[in-house]
Amino acid sequence: MTIHPITICGEPVLHTRAEPVTEYDESLRTLIDDMYATQEAAHGVGLAAPQIGVGLRIFSWSMANDDGVPSLGHVINPFVKAIKPAVGEPDRDHESEGCLSVPGYSFPLRRGERAEVTGYDRDGHEVAFTATGWFARCMQHEYDHLNGFLYLDRLNERWKKKAKKAVRAEGWGVAGLTWVPGEGPDPFGHDEPDDEE
């Protein structure tokens, strides 16, 4: 399994609708295994193929849930239908979302608390489940990636302005930028020593 560089916002593949998978072959299985390895190295709860520069409709997750769904999984050619999010300002402490393609940042975003997910596994078998809570958030986030959207695109005007300022300050928003999980400091602080004993 190979750990791939993760694309940063501004890379065209992140802002383009991904193409459907048409061949369920060994190269697809290798890609999924590489996604698992990259996601684990990055301490991510989800990863979409465009985030490693591959414009195909696949995402993976590594996330415990209360929905009877395996904590490690993937969906190929998914369709995710979520209920509408509650009206109102998102809670900064309880509804902040991050993204491996916007490394080191998180911003408040309200999402639907339930999502129906359908698609296929690596062998072409149908997959269908209901996701709730944070697992539903993860499914919506990864599905957005396959449609050419980042969570930054869904922020309300207040937080979108702050996000744009952060992207400019980092020099992102252009093609060719990546980071490699396991090389250098972790942008989300996962490898920093724990202050609590």
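Analyst: A nonpolar core is a set of buried Ala, Val, Leu, Ile, Met, Phe, Trp, Tyr and Cys residues joined through side-chain atoms within 4.5 Å. Buried means under 20% relative accessible area, exposed means over 50%, and partly exposed lies in between, with a 1.4 Å probe and protein chains only. The model here is predicted, so local features need pLDDT of at least 70 and side-chain atom pairs count only at pLDDT 80 or more, while totals for chains, interfaces and linings use all residues. Residues are numbered from 1 along each chain as its sequence is written, and side-chain values use heavy atoms, with hydrogens and water left out.

User: Which residues of the largest nonpolar core touch the most other members?

Analyst: In soluble globular proteins, nonpolar side chains tend to be buried together. Here the largest core has 30 residues, and M35, I58, V102, F107, Y151, L152 and L155 touch the most other members. Helices (H or I, at least four residues) and strands (E, at least two) are DSSP runs, numbered from the N terminus. Helices α1 and α3 (157-170) each supply at least two residues of this core, and α1 gives the most, five residues. Another core, of 18 residues, lies apart from it and has A48, V80, F135 and C138 among its members.

User: What is L152 in contact with, leaving aside its neighbours within four places in sequence?

Analyst: Contact means heavy atoms within 4.5 Å. With neighbours within four places in sequence left aside, L152 is in contact with V102, F107, K160, A163 and V167.

User: Where does C9 lie, and is it buried or exposed?

Analyst: C9 is in the loop between β1 (6-7) and α1 (26-41). It counts as buried because its relative accessibility is 3%. Its contacts, outside the neighbours within four places in sequence, are L14, H15, S101, L150, V167, W172, G173 and V174. C9 and L152 are 143 residues apart along the chain, and their C-alpha atoms are separated by 9.5 Å.

User: How do I read the two faces of a strand, and which residues of β7 are on the covered face?

Analyst: In a regular strand the side chains alternate between the two faces of the sheet. In β7 (residues 114-120), A115, V117 and G119 form the covered face, while R114, E116, T118 and Y120 form the uncovered one. In β8, V127, F129 and A131 point to one face and are buried, whereas E126, A128, T130 and T132 point to the other and are not.

User: How many bridges join β7 to β8?

Analyst: Two strands pair if DSSP finds at least two bridges between them. Strands β7 and β8 (residues 126-132) run antiparallel and are joined by seven bridges. Across this pair, V117 stands opposite F129, and E116 stands opposite T130. The hairpin of β7 and β8 has five residues between the strands, and G124 takes a positive phi near 85° there. Strand β7 also runs antiparallel to β4, with five bridges joining them; I76 has Y120 of β7 as its bridge partner.

User: Which phi value does H43 have, and where is H43 found?

Analyst: Most residues other than glycine have a negative phi. H43 has a positive phi, near 60°. H43 is found in the loop between α1 and β2 (46-48), and counts as partly exposed because its relative accessibility is 45%. N77 is also not a glycine, and has a positive phi of about 50°. N77 has its place in strand β4 and, at 21% relative accessibility, counts as partly exposed.

User: What volume has the second largest pocket, and how much space lies in the largest pocket?

Analyst: On a 1 Å grid over the protein atoms alone, a pocket is an open set of points where a 1.4 Å probe fits, with protein on both sides within 12 Å along at least five of seven lines; lining residues have an atom within 4 Å of a point. Grid points are joined across faces, edges and corners, and a volume is the space filled by probe spheres set on the points. The largest pocket holds about 370 Å³ of space, and the second largest has a volume of about 210 Å³.

User: Which residues lie nearest the centre of the largest pocket, and which classes make up its lining?

Analyst: Its lining has 22 residues, and G44, V45, G46, G98 and C99 lie nearest the centre. Strand β5 (96-98) and helix α2 (133-146) are the elements that give two or more residues to this lining; the largest share, six residues, comes from α2. Ala, Val, Leu, Ile, Met, Phe, Trp, Tyr, Cys and Pro count as nonpolar, Asp, Glu, Lys and Arg as charged, and the others, Gly among them, as polar. The lining of the largest pocket has nine nonpolar, ten polar and three charged residues. For the second largest pocket, the lining divides into five nonpolar, two polar and four charged residues.
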